[in-house]
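Student: Before we discuss this protein, could you show me the model, and then take me through the reasoning behind the labels that are attached to it?

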Amino acid sequence: MVGECMNAVLDRTDVRLRAAHRTHLGYPYNLLDHSPIPPNLYDNLINNLGDPYVGSRFGSDVYEIERDVIAWLREVWQCHDGDAYWGSIAANGTDANMWALYFAREALPSAVLVHSVEAHHSIPTAARMLQIETMAVPCDASGAISIQALSCRLESLSGRYVIVALTCGTASKGAHDNIADTLHCLEIQGFNRERRFVHVDGALSAMVLPFVKEASFAVRPSFAHEIDSISTCGHKMIGAPMPCGVLVVRRQIVKRLFFEFACRRSTDAGLMGSRNGHAILALWARLKGHGVEGFTADVARCQKGAQLLIRTLRGVGAPCLRNDYALTVVFPEPCERLVRKYQLAVNEGMARAIVMPNVTEDLIQQFGRDYGQWWSDIHEQPDYESRNFTTIRSGF
Ligand SMILES: *Cc1c(COP(=O)(O)O)cnc(C)c1O
């Protein structure tokens, strides 16, 4: 009886999730309909406890596979000397950002954290937890950090140390902060390598831009830029079926810190507790199995899908925005029914759809028809002109 009830609940959950995923458009999840790892592996506890490069004495680990995941991403992020980098799986993108800022704060204890107003909220939140002083910089119309505003802010911080958190693919507009211009700006303002730490939050696009040949190097998340860390999410472009993240950091940054911990006879950086081994296997299976070719093809198809969505929305007369190479399309927020059906993310009258690899042309067209119907309906309503659409329009 109990078993039957349990199975009914689990079956219902499966049916509900699959149905929701069929019309999902609002969040950057690569919704595969099958696990990348064989089911028998779920019979085992897998726990990578502590530093993946140190390991532990118990046998429930997949450290070697974790190091392989890091090595794969190091290549994509153009680390020319692999040994000069350290990395780890994180609980999610938020956790990876938290770790990056922790390393930064330990390296530069009195630094001010500079980030754009469009940075993910995990950045200012982590700064609060770590008690780092912050300074938010305005963005340009595309949603990328304004280099001019950054320059002014940096001037006001003259003589101090800075941590700069850039975003590769902002959550709200899919904008890419210009890494090369930011570094140039830092140099001009006197923030040389010893006086700065630059983190790139690439939750979505650190697994998108490296596969777009035409994208400018200036925005590419790459250690060929003089940056210190890059993070990404495992459940976004990579397609792991559970939330997870990855962080890669220049080893010299973590070395000193880990040396201190080693002196205290701890094998890791203190808070590196149990880590999800199944997530590591899923990341590894996706990266190795799908490969650079697979992700390149996915990204090309998603870009085409995003273009189709833009054309469809323009076709019905709706204003919309898409940044170069972004998979994110922003448009005026439709009625609640459509927001729920397509699980759109909404913010201040704007909604976004993100064309991930599981989003089919059919789904885009279906959404286009529904949206077009709603758009023409609201324009027929007598009070349409008096409704305040200016905030929406000013965003495009
Ligand atoms: C999704 C996202 C995050 C947070 O990742 P979680 O895995 O949800 O914690 C951070 N930054 C950006 C830009 C994101 O898009």
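Tutor: Let us begin with charge, where Lys and Arg count as positive and Asp and Glu as negative, while His and the chain ends are not counted. On that basis this predicted model has 39 positive and 42 negative side chains, and the centres of the two sets lie 1 Å apart.

Student: What makes the protein as compact as a globular protein of its length?

Tutor: The protein, which has 12 helices and 10 strands, has a radius of gyration of 22 Å, and the globule rule gives 21 Å for 396 residues; the two values are close, so the protein is as compact as a globular protein of that length. Along the principal axes, the C-alpha trace spans about 75 × 65 × 40 Å.

Student: What share of the residues counts as buried, and how much area does the protein expose?

Tutor: Buried means under 20% relative accessible area, and 52% of the 396 residues count as buried. The protein exposes about 18600 Å², of which carbon and sulfur atoms supply 52%.

Student: Why is the pair of Trp86 and Phe103 called edge-to-face?

Tutor: A search of the whole structure finds 15 aromatic pairs. Rings pair if their centres lie within 6.5 Å, and planes over 60 degrees apart count as edge-to-face; the rings of Trp86 and Phe103 have centres 5.6 Å apart and planes at 80 degrees, so the pair is edge-to-face. Because Trp86 lies in strand S1 (residues 85-90) and Phe103 in helix H3 (residues 93-107), this pair ties together parts that are 17 residues apart in sequence. Both Trp86 and Phe103 are buried.

Student: Why, then, is the pair of Phe367 and Tyr371 called tilted?

Tutor: Planes under 30 degrees apart count as stacked and those over 60 as edge-to-face, with the rest tilted; the planes of Phe367 and Tyr371 stand at 45 degrees, with ring centres 5.6 Å apart, so this pair is tilted. Phe367 and Tyr371 are separated by about one helical turn, because they are four residues apart in helix H11 (residues 361-380).

Student: How do you know whether Phe367 and Tyr371 are buried or exposed?

Tutor: The cut-off for buried is under 20% relative accessible area. Phe367 has 0% relative accessibility and therefore counts as buried, and Tyr371, at 0% relative accessibility, counts as buried too.

Student: Which residues do ring pairs link into a cluster?

Tutor: Ring pairs link Phe367 and Tyr371 with Phe331, Tyr342, Trp374 and Trp375 into a cluster.

Methods: Residues numbered from 1 in each chain as written. Predicted model: local features only at pLDDT ≥ 70, side-chain atom pairs only at ≥ 80, totals over all residues. Heavy atoms only, no water. Helix = DSSP H or I, 4+ residues; strand = E, 2+ residues; numbered from the N terminus. Rg over C-alpha atoms; globule rule 2.2 N^0.38 Å. Buried < 20%, exposed > 50% of the residue type's maximum accessible area, 1.4 Å probe, protein only. Areas by Shrake-Rupley, 256 points an atom, 1.4 Å probe, with all protein chains shown as cover. Charge placed at Lys NZ, Arg CZ, Asp CG, Glu CD. Phe/Tyr/Trp six-rings, centres within 6.5 Å; stacked < 30°, edge-to-face > 60°.
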